[in-house]
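Work through the following exercises with the sequence and the model side by side. Each task is followed by a solution that goes step by step.

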Amino acid sequence: MTTSGVELRSATSPDELRVAVLGVGKMGAFHVDSLSRRTRGARVTVVSDFVDEQAHRVGDPIGARVVADPLEAIRADDVDAVVLASPGAAHHEQVLACLEAGKPVLCEKPLTVEASTSLEVYRRESELGRRLIQVGFMRRFDHEYAQLQRLIATGEFGAPLMLHCTHRNPDVPDFFDSQFMIRDSVVHEADTARFLLGEEISAVTVVKGRPTSSAPAGTSDPMLVLFEAESGALVTIEIFVRTGVAYEVRTELVGERGSATIGLDQNVVVKRPGGTWGGTITPGFVERFGQAYDDQMQRWADAARAGIASGGDAVDGPGSWDGYAAAAICEAGVAAVVKGVRVETGMDPR
Ligand code: ISE
């Protein structure tokens with residue numbers, strides 16, 4: 001991360017960040033709860049959702065105004081900053097509206113659906129000369145990922161050679177097809193691979209295997225995805241979203257001088273009379289990454305307040321370039337699924 005939270009927090013900032021949350025489905029409602037009960041110096045003043053009833057269900061108990069039009073919510077006088085948890089297809093217009101209003105925004109992935117529009121957003125923000133967009137790649141705030149990134153950066157393992165990633169969801173709805181698996185799930189591996197390796201991904205290959213019998217016809221679940229990084233380092237990803245088990249996300253780094261693994265799902269290991277032992281695996285991503293989501297929110301809120309006060313950067317985490325890189329990798333991944341060949345990401349130079 002280029003912007004240090006410590007620097008930003010030291011600036012003078014308004015007492016309270018008034019936040020609009022756009023899209024209050026599962027993730028948006030989680031963010032409203034986080035902002036209302038677990039984030040210091042922030043308050044949700046406005047919620048917006050295309051399902052009016054849902055907006056009231058989430059907004060009314062905390063006294064937030066419900067504003068039907070998301071663009072109106074972004075421009076509202078009682079809104080200093082915005083959390084975008086609306087459907088990905090709406091992000092392009094909404095994130096540009098945040099830039100135009102000069103308001104910091106924490107945008108859930110994807111930044112935008114297409115690489116071209118993400119690049120446009122990155123360029124528009126660069127023209128402002130001020131970073132206002134943070135992308136919700138929350139894994140960077142997870143203690144294990146952060147620790148692994150720091151370990152790699154010390155050089156203890158020598159050059160990183162490979163990452164082996166496992167990404168398993170217990171179940172997903174039927175619309176979750178092979179392309180959606182890339183855009184919604186593998187997108188996190190795209191960001192963490194760049195975060196851990198500290199370099200860009202240049203090509204993607206996808207191998208479809210034998211599908212589980214619980215996958216709908218035409219959906220290849222599981223799949224093996226291969227990223228090639230610019231240095232030649234390789235990233236293998238098993239993506240399997242209908243395991244019927246629990247939520248499992250693991251990464252092993254293999255370096256020139258050693259290896260390290262995160263996500264072993266140990267939690268509490270219990271031994272019982274009769275000689276049985278074991279632990280429990282987190283059921284879903286909100287439980288697994290709850291700490292990361294909350295830390296992300298606190299650091300973003302602190303950075304947004306400081307950025308508003310100083311007129312400078314309002315970001316403490318992955319930004320619009322990271323959003324663009326992830327979109328480019330996913331676009332290549334989707335093309336690799338469709339064409340069955342290796343596809344280069346063809347990213348613009350920064
Ligand atoms: C979901 O949308 C997420 O963002 C989770 O972090 C990811 O693990 C899951 O596979 C996605 O469906």
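A residue counts as near a molecule or strand if one of its heavy atoms lies within 4 Å of it. The model is predicted, so local features need pLDDT of at least 70 and side-chain atom pairs count only at pLDDT 80 or more, whereas totals for chains, interfaces and linings use all residues. Residues are numbered from 1 along each chain as its sequence is written, and side-chain values use heavy atoms, with hydrogens and water left out.

**Exercise 1. The ligand site**

Task: determine which residues are around the ligand, and what distance separates a polar side-chain atom of Asp-184 from an oxygen atom of the ligand.

Solution. Step one is to list the surroundings, which consist of Lys-109, Met-138, His-167, Asn-169, Phe-176, Asp-184, Ser-185, His-188, Tyr-247 and Phe-285. Step two is to look for polar contacts (pairs of N or O atoms within 3.5 Å; within protein, one must be able to donate a hydrogen and the other to accept it, and residues adjacent in sequence count only if both atoms are side-chain atoms). A polar side-chain atom of Asn-169 lies 2.9 Å from a ligand oxygen atom, that of Asp-184 lies 2.6 Å from a ligand oxygen atom, and that of Tyr-247 lies 2.4 Å from a ligand oxygen atom. The protein covers 92% of the 300 Å² of accessible area that the ligand has on its own, where accessible areas come from the Shrake-Rupley method with a 1.4 Å probe and, for residues, only the protein chains shown count as cover.

**Exercise 2. The parallel sheet and helix α2**

Task: establish the strand order of the open six-stranded sheet, then check the length of α2 and find what its buried residues pack against.

Solution. Helices (H or I, at least four residues) and strands (E, at least two) are DSSP runs numbered from the N terminus, and two strands pair if DSSP finds at least two bridges between them. On that basis the order is β3-β2-β1-β4-β5-β6, with parallel pairing. Because β3 (65–66) and β6 (133–135) stand at the edges with a single partner strand each, one side of each is left without a neighbour in the sheet. Within the sheet, β1 and β2 run parallel and are joined by six bridges, and Arg-18 has Arg-43 in β2 as its bridge partner.

For the helix, the expected span is 1.5 Å times one less than the number of residues. The 13 residues of α2 (residues 26–38) should therefore span 18 Å, and the end C-alpha atoms, 17 Å apart, agree with this. Its buried residues (under 20% relative accessible area, with exposed meaning over 50% and partly exposed in between; 1.4 Å probe, protein chains only) include Met-27, Phe-30, His-31 and Leu-35. The buried residues of α2 pack against β1 (17–22), β2 (42–48), α3 (52–59), β4 (81–84), α9 (285–288) and α10 (290–310).

**Exercise 3. Strand β9 and its surroundings**

Task: decide which strands pair with β9, and where Met-223 stands in that pairing.

Solution. Begin with β8 (residues 201–208), which runs antiparallel to β9 and is joined to it by seven bridges; here Lys-208 is paired with Met-223. Next, β10 (residues 234–240) pairs with β9 in the antiparallel sense over six bridges, and Met-223 stands opposite Ile-239 of β10. β9 and β10 form a hairpin with four residues between them, and Gly-232 in the turn has a positive phi of about 105°. Five of the seven residues of β9 (residues 223–229) are buried, so this strand is largely enclosed by the rest of the structure.

The loop between β8 and β9 holds Pro-222, and the peptide bond from Asp-221 to Pro-222 is cis, with omega near 10°. Met-223 is also among the residues touched by Ser-178 (contact meaning heavy atoms within 4.5 Å). Ser-178 lies in α8 (residues 178–197) and counts as buried at 5% relative accessibility.

**Exercise 4. Two glutamates**

Task: is Glu-248 buried or exposed, and which residues does Glu-331 contact beyond its sequence neighbours?

Solution. Glu-248, found in β11 (residues 248–255), is buried, with a relative accessible area of 8%. Its side chain makes a polar contact of 3.5 Å with the side chain of Arg-250. Glu-331, found in α11 (residues 320–339), is partly exposed, with a relative accessible area of 33%. Leaving aside neighbours within four places in sequence, Glu-331 is in contact with Val-113, Glu-114 and Ala-115, and its side chain reaches the backbone nitrogen of Ala-115 at 2.8 Å.
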